[in-house]
Amino acid sequence: MSAVLHGMFISPGFRFVTFVLDTLGVSYEIREVNLFEGAHMKEEFLAVNPMKKIPAFVDSDGFAMAESRSIARYLVAKYGDTEEGRALYPADIKQRAQVDAMLDFDCELFQVEKQLFLPTFIATFPPACEQLYEGCARQLQTLDGILAERKFVAIDHATLADYSILFTLQSLGNVELSLSPYPNLLRWSADLSEGNEIIATLADKFEVARQGLAKIQKAVKLAREAKE
C-alpha cells in the first residue's frame, strides 16, 4: 500500500506537505479532494478525516492524520533521519521550540488569510471587513521585522516553519494582497525559492489551480454586485 495525500493544490497546507514528502523522498500518491465541489463532505473522505479539512495523509501502514504542520512533523520523525530531515526540524529542543513557535504563528496567519479568502468564493459569506486586512498587514509587518534581524524565521537555517509560512504567503494573491511593501519578506522568499525545483514545480501547479479559482471568484463577485 502506498502512502496517500488527500487535498488540492490551491491549499497552502497541501503544498507544504507535498514539499516535505518530496524533500524527504517519501513515495506517495495524490488523491484530489475538490473543496469547490464539496468532496470534503463525502463519506469517502470523511472516513479519512472526519474534520472535513485538507490536507489529510494516510501512511503506507494505514495510519491517517490531518493538519499540515502535524503531518510535517510526523513525516520528519518517521522519514527524516537524513541531513535534509534533521535540518527541517532540528533535534535540539531549544531550536525545535523556536521552529514550533513560528509554526504556531503561521497557523494564526493562515486563519486570518482564510477569513479573507472564504468570502471570495462563497457568496453566502459576508465580505471581509477592513479590520481583517489590517490584522493581516500587522502580521506581515511582524514577519518583516523578524527577517530584518535574521535570514530565516526561526533559527539560522531554513526549517519547517519557513516553508510552511512560504506556502501560506504564496496564497495572498488569492485575496489581492502583495508582499511588495515588505522587503525582508521578499528577500527571504526569493532565497528559499532560488534553485529549489520542488518549490518551482509546486508554484506551477498552484498557478493552474488559481486559474480555476479565479473563475469561481469572478462569478461570486458578479453575484454580489448584482445584489447591490
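This is a short tour of helix packing, one pocket and one loop in a predicted model.

**Stop 1: α1 and α3**

Select residues 12–24 for helix α1 and residues 68–79 for helix α3. Their axes come within 9 Å and cross at roughly 10 degrees. Angles under 35 degrees count as roughly parallel, and α1 and α3 are therefore roughly parallel to each other. Now show side chains. On α1, pick G13, F16, V17, V20, L21 and L24. On α3, pick S68, R69, I71, A72, L75, V76 and Y79. These residues make the contact between the two helices. By class, the contact has 10 nonpolar, 2 polar and 1 charged residues.

**Stop 2: α3 and α7**

Keep α3 on screen and add α7, residues 160–170. What angle do α3 and α7 make as they pack? It is about 145 degrees, and the axes of α3 and α7 are 11 Å apart. Their crossing is right-handed. From α3, select R69, A72, R73 and V76. They meet L160, S164 and T168 of α7. This contact of α3 with α7 divides into 3 nonpolar, 2 polar and 2 charged residues. R69, A72 and V76 of α3 also appear in the contact with α1.

**Stop 3: α7 and α8**

Stay with α7 and bring in α8, residues 183–193. The two helices pack at an angle of about 110 degrees, with axes 11 Å apart. Angles of 65 to 115 degrees count as roughly perpendicular, and α7 and α8 are therefore roughly perpendicular to each other. α7 passes α8 in a left-handed crossing. Select D162, Y163, I165, L166 and L169 on the α7 side. Facing them in α8 are L185, W188, S189, L192 and S193. The classes here are 7 nonpolar, 2 polar and 1 charged.

**Stop 4: the largest pocket**

Next, turn on a pocket surface. The largest pocket holds about 650 Å³ of space. Which of its lining residues are closest to the centre? Select S11, L35, I54, F110 and K114. The full lining has 31 residues. Elements giving two or more residues to that lining are α1, α3, α5 (93–121) and α7. Colour these helices separately. α5 gives the most, with 9 residues. By class, the pocket lining has 14 nonpolar, 10 polar and 7 charged residues.

**Stop 5: the loop between α2 and β3**

From the pocket, follow I54, one of the residues closest to its centre. The peptide bond from I54 to P55 is cis, with omega near 0 degrees. P55 sits in the loop between α2 (43–46) and β3 (56–58). Now select K52, found in that loop between α2 and β3. What is the sign of phi at K52? It is positive, about 65 degrees, although K52 is not a glycine. Most residues other than glycine have a negative phi, and most peptide bonds are trans. Put K52, I54 and P55 on screen together to end the tour.

Definitions and conventions
Residues are numbered from 1 along each chain as its sequence is written. This is a predicted model: local features need pLDDT of at least 70, side-chain atom pairs count only at pLDDT 80 or more; totals for chains, interfaces and linings use all residues. Side-chain values use heavy atoms; hydrogens and water are left out. Axes are lines fitted to C-alpha atoms, for helices over the stretch in contact, and angles run from 0 to 180 degrees between N-to-C directions. Helices (H or I, at least four residues) and strands (E, at least two) are DSSP runs, numbered from the N terminus. Angles under 35 degrees count as roughly parallel, over 145 as roughly antiparallel, 65 to 115 as roughly perpendicular and the rest as oblique. Contact means heavy atoms within 4.5 Å. Ala, Val, Leu, Ile, Met, Phe, Trp, Tyr, Cys and Pro count as nonpolar, Asp, Glu, Lys and Arg as charged, and the others, Gly among them, as polar. A crossing is left-handed if the near helix is turned anticlockwise from the far one by less than a right angle, and right-handed if clockwise. On a 1 Å grid over the protein atoms alone, a cavity is a set of points where a 1.4 Å probe fits but cannot get out, and a pocket is an open set with protein on both sides within 12 Å along at least five of seven lines; lining residues have an atom within 4 Å of a point. Grid points are joined across faces, edges and corners, and a volume is the space filled by probe spheres set on the points.
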